[in-house]
Structures are given as C-alpha cells and as structure tokens.
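Work through the exercises below with the sequence and the coordinates open. Each task is followed by a solution in steps.

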Amino acid sequence: MKRKKIVLFTIIAMTGILTACSFSLKDDSFYIPQAASLPSDDNIDWNDLPESWTGNGEKVTDYYSGNYYEAVADKYPYTEEYSQSVDENGIECYISKDYMDGLKNLALQNEINNRLQVAYDDLTADTSFFNQKLTDEIKQGDIYNASSSISPSFTITGNVLSFSVMRYNTIYSYDNDTGPIFFGNSEIMKQFNYDMETGKELALSDIFINGTDLNALLNPMISDELSATPDGADWEYAPSEGIMRPFRGLPKNYPYFTLGEDSLIIYFTDGNPYITSSAAVRIPIEAISNFLAQPVSKSSDSIMGETTFRMCYRTTNLLEVDYSLKNIKAFGREDFSFQPYLLKNNFDDPVISKINNSLLDEYNEIANSECPISLPDSSDESINRYAYSYLETNKPFVHLGVTIAIGDISESIHRYFDSKTGEPISLDQIIINKEEAKQYLSENGINIGDLSTFYNFYTYLPGELYVGESNDLCVNYVPLSADIFNLERFK
C-alpha cells in the first residue's frame, strides 16, 4: 500500500488496552472533524463524526467454534434462491437471495435471515434511481436497456459473519442517428456484521480493542487510499478523480465493512460525502492486527476421497507454543530424542498451567517407560530411527501427538485437552452410541471397559476418528464410522 504521508504508530500496552498514537501529520485538520453540513444516507449521519473515535470491543479470549463449516461438494452453510422479472418500464430485475442454513445458534440464524429478508425487500422496492433518471426520450432509444440486479455475499472470519446485499442499477439508451442518449448506473448497499459467539451486531468500532484511537489508526490509511491514483491505490475502486473533499473520518457506528482473512474492507456507498460514486478501501490485516478485538482466521481445504472439506481456523493464536524446552529421550534412548512443547503462560493462567502439567506428565511417562517390543533395539545403523512431537492449538482444544519410529514401524500417542477448562477430553465425551462403539472396537481387537478414562484417539478431518489399541503408545488405530461419534467440539 503506497503512503503519501509518514505516520508513526506507537503501541502502548496498559491494562490490556492498546492505544494508537499518530505523529507528524501534515495538517491535523485533515483528520480532525470540522463543523460542516454533510449529507445523511441510509440512516448514516455523516455529520456525526466524533472528535474522539475509539474502539469499543473487549479483547476476545475465545472464538466461535461454530464458524467451522464443511464445503462438501461446494455446499456452504446457506441456501440460495433466484428470480428474474421485467416490469412495465422494461426494467429487467435479477434477484439472488441467500439465507443462512445450518448455524448451531438458531436464534442468531433466524435474526440474520430476518435482516436479510428486510434488506431484499427494501432493495427490491427502491426504484428511486429509475424514477429520477428514466424519461420517455430514454425509453424510446433504438437501443434501450434498463436493468437491476440484487445479490448478497458473506464472509466468515474468526467470530465475525459479514453480510452485504447490493443492488446495482444501470440504464443505457442509444439513438442510431444521434448517438448515445443516456448511460448511468448506481449502487445501493445493505451491510451488517455479527459476532457469532455472542450474537451481537457489530459496528466498525466494535472489532477494535476498547480505547484504540481509530482516528489515528484508520484515518491516515483510508485517506491515502482514497487520494491515490487508480494505479497507486491498493483497491481498484478508490479513484482519486472522484474525491469531493478531504477525508475527515467515519461516523461512530459505521456499519459498512467486512473483516476478511487478509484485509479489512471499508465501503463508501453512493451518497457518501467523499467520493462521487461508490468506493471500497482495503486495509491489510497486518497493519491493524495488534489492535483487533476479534480473532482473525484463515480457511483451508482438505481432500478426503472425492469430498472437499473447508475448515476455518484462527491465526491470532491465543495459545502460543513454548519452544524452549530441552530434548527428551524417549525410553531414555538417545536415538529417540525429540523436542517437547508446552504452552506459553506469561500471565499464570490456571487453565494453561493445568494443560502444561498434563503435557509434562505425558513427556515424563514416555521418557521413563520401557521401550516397546515393537521397536527393537537394533545395532543396524542403516535402519532409520526418529521421534517427534507436535502441539495443535488453533482450535477449541490442545492436541498433543508423539510419534516414535524405527524403520517402517511406528508407535504414537495422542491426547486432547479442552482449551477452556484444561481438562483432558475422553473418548466418552465424543461418542454418541457408546455400546455400538465398544462392540465395534472389540470386534477389531480393542477392548475398552470405561470410555471415560480412554484418551488415545485422534481426528484430522470431519468424518474421521481413529482409536488407539491402547491408552498408551501403540502401533494400530481403528477408524470409527461417522454415525457413531460426534466431532462438534473439535470444529
């Protein structure tokens, strides 16, 4: 992103609040709101520019596990309706409607779908552009087209579900003898954002940590983007030739934004006081990540057979891994040394302490155990030996895995811990039909008396769960069918 001014941001951490301070601005009045009459549009009062615009969000210490969804055969968590019509003025209208389907929070799902329906109805009824622009002369053009399309889009990033519904209108009229009669277009947008963990509707200030100076943080970046030439702008819909006045800020409860995986996008709809038409400014996540109250996530695709699963996971990892421990010798053997991992615990969090103590117990058990007979102590140096561990922390659990191998033979052990409580997660907690599961495992050589004390299993994809043949290091894992278990807590 190109910059026309030098802006220095100082981050001060006090009592968990981050404050952004801006220095060396060429002209303070360029960013500080001044008394002036600005238009109001779609319930947005552009005169309501607070002198002190700060973040309102509390730092999120958890994230919404229900933002996980499966893209199975391109099916996402919404349903789609489509219609097409032509009215008496020859205006073609194409309407696409999405509705959320499959959210675990049904009350939130109903609220979002109601908001969507209101947006669809309002935009369908809004014919002001055609009422103002259409004339008999335009309609009588040799080539005449008037059309409108309504389409929604949504993103799920971290806890934030962003929905936007856009109506795009266009008129074109051409006379074969005299040439163009009229060409024009307009955009109308409805936008709303929800925290899927709390169900709260979010304004732009809500996604930033309480106390963050948003005038200092956002205004210079937005101003630079709006002022840049099309070639210099980071977002192609921010042309400088359309600027009507210098950027002074956004209203306090501004709703037109989308928090994406890579950027925060702020929209300027038709009727805004800065740009003659609509525009969108993209601010890279890395420029604001230290100030966000909401966790940011990424999505990734995994292939299982002919099915593609898409999983969202957080990148602002609230459970950081400590890599400082010395190597551990499994079974006291040098050839089976591996790097152990714990969680960083800078603030003496009792939950993290509980998980770390459990991890240390597992490491000590491996170090002091006898070497399994499946891993022979061979003097043949040509046989490859290795051991490793990993710690998965980007979901609502901590997953420890340790693998020790010699040649083609490997033994592994897995443990899951609840990130909220620090308690180990047992097989009993995710099995739906317990007796059917125990019978199936028994038929495959695994006899488990009490599922509530069995912890050696792992899962990487929806629809896959593997159970170890013992509660300790073992070679064989048996897959369970998806109708026996429930992986909701692992999403």
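Two strands count as paired if DSSP finds at least two bridges between them. The model used here is predicted.

**Exercise 1. Find the partners of strand β11 and say how its two faces are covered.**

Step 1. Start with β10, residues 257-259, which runs antiparallel to β11 and is joined to it by three bridges. The criterion of at least two bridges is therefore met by the three bridges of this pair. The connection between β10 and β11 is a hairpin through three residues.

Step 2. Turn to β12, residues 279-284, which pairs with β11 over six bridges, again in the antiparallel sense.

Step 3. Use Ile 265 as a reference point. Thr 258 stands opposite Ile 265, and in β12 the bridge partner of Ile 265 is Arg 282.

Step 4. Check burial, taking under 20% relative accessible area as the cut-off. Six of the six residues of β11 (263-268) are buried. On one side these are Ser 263, Ile 265 and Tyr 267, and on the other Leu 264, Ile 266 and Phe 268, so both faces are covered.

**Exercise 2. Place Leu 264 in the largest nonpolar core.**

Step 1. This core has 35 residues, and those touching the most other members are Leu 204, Phe 208, Leu 218, Ile 222, Leu 264 and Phe 268.

Step 2. Assign the core to elements. At least two residues come from each of α4 (214-227), β10, β11 and β12. The greatest contribution is that of α4, with six residues.

Step 3. List the contacts of Leu 264, leaving aside neighbours within four places in sequence. They are Leu 204, Ile 207, Phe 208, Phe 257, Thr 258, Leu 259, Val 281, Arg 282, Ile 283, Ile 285 and Ile 288.

Step 4. Note that there is a second, separate core of 27 residues, which includes Leu 343, Ile 352, Tyr 363 and Ile 404.

In soluble globular proteins, nonpolar side chains tend to be buried together.

**Exercise 3. Which strands stand at the edges of the five-stranded sheet, and where is Ser 148?**

Step 1. Write the strand order: β5-β6-β7-β8-β9, an open sheet with mixed pairing.

Step 2. Identify the edges. β5 (78-86) and β9 each have a single partner strand, so one side of each has no neighbour in the sheet. From one strand to the next, the twist averages 10 degrees.

Step 3. Look at β6 and β7, which pair in the parallel sense over five bridges. Within this pair, Ser 148 of β7 is the bridge partner of Cys 93.

Step 4. Characterise Ser 148. This residue lies in β7, residues 143-157, and its relative accessible area is 2%, so Ser 148 is buried. Not counting residues up to four places away in sequence, Ser 148 touches Glu 92, Cys 93, Tyr 94, Phe 130, Arg 167, Tyr 168 and Asn 169.

**Exercise 4. Decide which residues of helix α1 are buried and what covers them.**

Step 1. Check the helix geometry. α1 (106-125) has 20 residues and spans 28 Å from its first C-alpha to its last, close to the 28 Å expected at 1.5 Å a residue.

Step 2. List the buried residues of α1: Leu 108, Gln 109, Ile 112, Asn 113, Leu 116, Ala 119, Tyr 120 and Leu 123. Viewed down the helix axis, the buried residues fall within an arc of 130 degrees, so they line one face of α1.

Step 3. Examine the face turned away from the buried side. The exposed residues Leu 106, Ala 107, Asn 114 and Ala 125 are found there.

Step 4. Identify the cover. The buried residues of α1 are covered by elements including β6 (91-100), β7, β8 (160-175) and β9 (179-195).

**Exercise 5. Describe the three-stranded sheet and locate Leu 400 in its pairing.**

Step 1. The order is β19-β20-β21, an open sheet with antiparallel pairing.

Step 2. β19 (385-392) and β21 (409-418) are the edge strands, each with a single partner, so one side of each lacks a neighbour in the sheet. Direction ignored, neighbouring strands are turned by 10 degrees against each other on average.

Step 3. β20 (397-406) pairs with β21 over 10 bridges in the antiparallel sense. The bridge partner of Leu 400 in β21 is Arg 415.

Conventions. Residues are numbered from 1 along each chain as its sequence is written. This is a predicted model: local features need pLDDT of at least 70, side-chain atom pairs count only at pLDDT 80 or more; totals for chains, interfaces and linings use all residues. Side-chain values use heavy atoms; hydrogens and water are left out. Buried means under 20% relative accessible area, exposed over 50%, partly exposed in between (1.4 Å probe, protein chains only). Helices (H or I, at least four residues) and strands (E, at least two) are DSSP runs, numbered from the N terminus. A nonpolar core is a set of buried Ala, Val, Leu, Ile, Met, Phe, Trp, Tyr and Cys residues joined through side-chain atoms within 4.5 Å. Contact means heavy atoms within 4.5 Å. Axes are lines fitted to C-alpha atoms, for helices over the stretch in contact, and angles run from 0 to 180 degrees between N-to-C directions. The expected span of a helix is 1.5 Å times one less than its number of residues. The arc is that of the directions from the helix axis to the C-beta atoms.
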